[in-house]
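The following exchange examines how the terms applied to a model are justified.

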Amino acid sequence: MSQRRIANSIDELPTFQDMLSMSGLEFMQGVRDGTLAGPPIGRTLNFHVAEVEKGRVVFNGRPQFEATNPLRTVHGGWYGTILDSCMACAFMTTLDKGSYYTTLEFKVNIVKPIPLDTEVLAIGTVQHAGRSTGVAQGEIRGVADDRLYATGSTTCIVMKT
C-alpha cells in the first residue's frame, strides 16, 4: 500500500548513495511503501507510485486545475511527466545494485483529453532491459472506466559507478 510520503526538502530525498546501495526494484518498493520519500513533483502534479513489480510500475494520479493550459484542458506536460515517470521507473526496477539510469528520449501520444479531477493510472511496462539500454511503454487509463487517454514509449540508458 502506498504511503504517499513526499519529500518536503532536498535533505529528505534519498541520496545518490542510498539509491546505489539497493537494486532498482528495492528502491522503487521503498518509495511505494514510504520508507523512502518520493520526489516533490508528485505533490506538484498530484500523482504517486501505487504498484511496483519487476518490469512494471503503476502511478495513480488526478490532474487538477493547476495542470490546465489556456484552453482549459490538462496540459500535455502532465501526460508527459506521469508517463515518463511510470515508464522510466518500470525500467529502474530491472537494475542491479550499483546501477542507475536516465531517460534518453520519450514520446507521448495523447488519445483524448483527461477531464479534470479524473482518477487515472499510468502503467509502465518494460519491453527490453539490456546491459546498456532499456525500452518501456506506458499507458494512461481511467480508473473508473479503463478508458485509454494516452500512450508513450521511452528509451533509457544504464550507467554504473
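Q: What makes two strands a pair?
A: Two strands pair if DSSP finds at least two bridges between them, and strands (E, at least two residues) and helices (H or I, at least four) are DSSP runs numbered from the N terminus. In this predicted model, local features need pLDDT of at least 70, side-chain atom pairs count only at pLDDT 80 or more, and totals for chains, interfaces and linings use all residues. Residues are numbered from 1 along each chain as its sequence is written, and side-chain values use heavy atoms, without hydrogens and water.

Q: How do you know that strand 4 and strand 5 pair?
A: Strand 4 (residues 120-129) and strand 5 (residues 133-142) share nine bridges in the antiparallel sense, and the criterion is at least two. Within this pairing, G124 stands opposite G138 in strand 5.

Q: Why are strand 1 and strand 3 said to stand at the edges?
A: The open sheet has six strands in the order 1-2-4-5-6-3, paired antiparallel. Strand 1 (47-53) and strand 3 (99-110) each have a single partner strand, so one side of each lacks a neighbour in the sheet.

Q: What makes the space lined by M19, M22, S23, G24, F27, M92, L95 and S99 a cavity?
A: A cavity is a set of points on a 1 Å grid over the protein atoms alone where a 1.4 Å probe fits but cannot get out, and lining residues have an atom within 4 Å of a point. The search of the whole structure finds one cavity of 30 Å³ or more, and the largest cavity holds about 30 Å³, where volume is the space filled by probe spheres set on points joined across faces, edges and corners.

Technical notes
On a 1 Å grid over the protein atoms alone, a cavity is a set of points where a 1.4 Å probe fits but cannot get out, and a pocket is an open set with protein on both sides within 12 Å along at least five of seven lines; lining residues have an atom within 4 Å of a point.
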